[in-house]
Amino acid sequence: GKSAYELTPSLLNLMNQCMQIMLSEHDVASTFQDVFEMVGPHFSVSRAFAFVREEDDLYSNLYEWCSGAILPQKHLLQKISIQEATPSLLEAFRQHGMIIASDVCALPQDMQNALKGQDVAAIALLPMWDEEELAGFVGFDHVSYHAWSPEEIVMLGNLAMLIANTVKRERLKTEVVEKKHILDTVLQNTGFNAYVTELETGELLWIHEPLKAHCPADPAFSG
């Protein structure tokens with residue numbers, strides 16, 4: 001028979017659609033919005049959200065989807081220190097891989113305190129790792145008791161891994177742009193002529209702006 005943890009065709013299809021969105025979207029905010037708008041109704045959750053580390057130990061709810069008349073909480077959850085507010089969160093992620101609670105009263109007291117006033121009765125939190133560092137976490141909650149099924153847990157866990165890759169890709173892209181800007185500034189100020197080519201093909205990948213004027217009128221030198 002079918003394992004209780006095996007994804008059904010409909011869930012596999014949902015995962016495939018999420019992957020397509022993450023691969024095709026250029027804007028991370030749009031990616032999260034589209035994925036949450038697809039996954040949230042499918043699992044009938046009240047909210048879907050993602051916390052992302054912005055600096056050191058400070059995490060912010062940067063993306064949130066709410067069902068129907070459910071009130072958003074994003075504006076209340078900015079630049080929160082995990083170590084100070086919910087020290088048991090990181091420990092639970094490292095020990096159990098995720099946090100699943102059909103009733104938030106079963107959570108450690110510091111997590112219960114953090115959720116007070118947010119109208120959350122059941123919650124699933126899944127970490128996004130960047131090497132050994134917690135890059136953020138994805139969450140899904142209900143305003144009433146909810147018994148999470150094994151199928152939901154497996155699906156949401158896979159989704160969290162996909163989202164983590166998207167966040168990491170965006171961070172790396174930002175770092176590359178910043179480093180290129182720094183390199184450009186240094187070269188502009190030193191007057192060095194420099195260019196970068198693909199090692200195997202010799203294709204020109206980047207050229208110092210002042211050097212373009214001295215290069216042949218080749219399409220490769222115009223980018």
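**View A. The largest nonpolar core of the predicted model.** This core holds 32 residues, and Phe36 and Phe140 have the most contacts inside it. Two or more residues each come from helix H1 (9-24), H2, S1, S2, S5, S6 and helix H6 (150-190). H6 gives the largest share, seven residues.

**View B. A second nonpolar core.** This core is separate from the one in View A and has 20 residues. Among them are Phe49, Leu77, Val104 and Leu125.

**View C. Helix H2, residues 28-43.** The 16 residues of H2 should span 22 Å at 1.5 Å a residue, and the end C-alpha atoms lie 22 Å apart, so the two values agree. Buried residues in H2 are Val28, Thr31, Phe32, Val35, Phe36, Val39, Gly40 and Phe43. An α-helix has 3.6 residues a turn, so residues three or four places apart point the same way. Phe36, buried in H2, is also one of the two residues with the most contacts inside the largest nonpolar core. After H2 comes Ser44, which has a positive phi, near 55°.

**View D. The largest pocket.** Its volume is about 320 Å³. The lining consists of 21 residues, of which Phe51, Ala114, Leu115, Gln118 and Phe137 are the closest to the pocket centre. Strand S1 (47-55), strand S2 (58-66), helix H3 (82-85), helix H5 (109-115), strand S5 (122-130) and strand S6 (133-142) each give two or more residues to the lining.

**View E. Residue classes in the lining of the largest pocket.** The lining has 14 nonpolar, four polar and three charged residues.

Technical notes:
Residues numbered from 1 in each chain as written. Predicted model: local features only at pLDDT ≥ 70, side-chain atom pairs only at ≥ 80, totals over all residues. Heavy atoms only, no water. 1 Å grid on protein atoms, 1.4 Å probe; cavity = no way out; pocket = protein on both sides within 12 Å on 5 of 7 lines; lining within 4 Å. Points joined across faces, edges and corners; volume = space filled by probe spheres on them. Helix = DSSP H or I, 4+ residues; strand = E, 2+ residues; numbered from the N terminus. Nonpolar A, V, L, I, M, F, W, Y, C, P; charged D, E, K, R; others polar. Expected span 1.5 Å × (residues − 1). Buried < 20%, exposed > 50% of the residue type's maximum accessible area, 1.4 Å probe, protein only. Core = buried A, V, L, I, M, F, W, Y, C linked by side-chain atoms within 4.5 Å.
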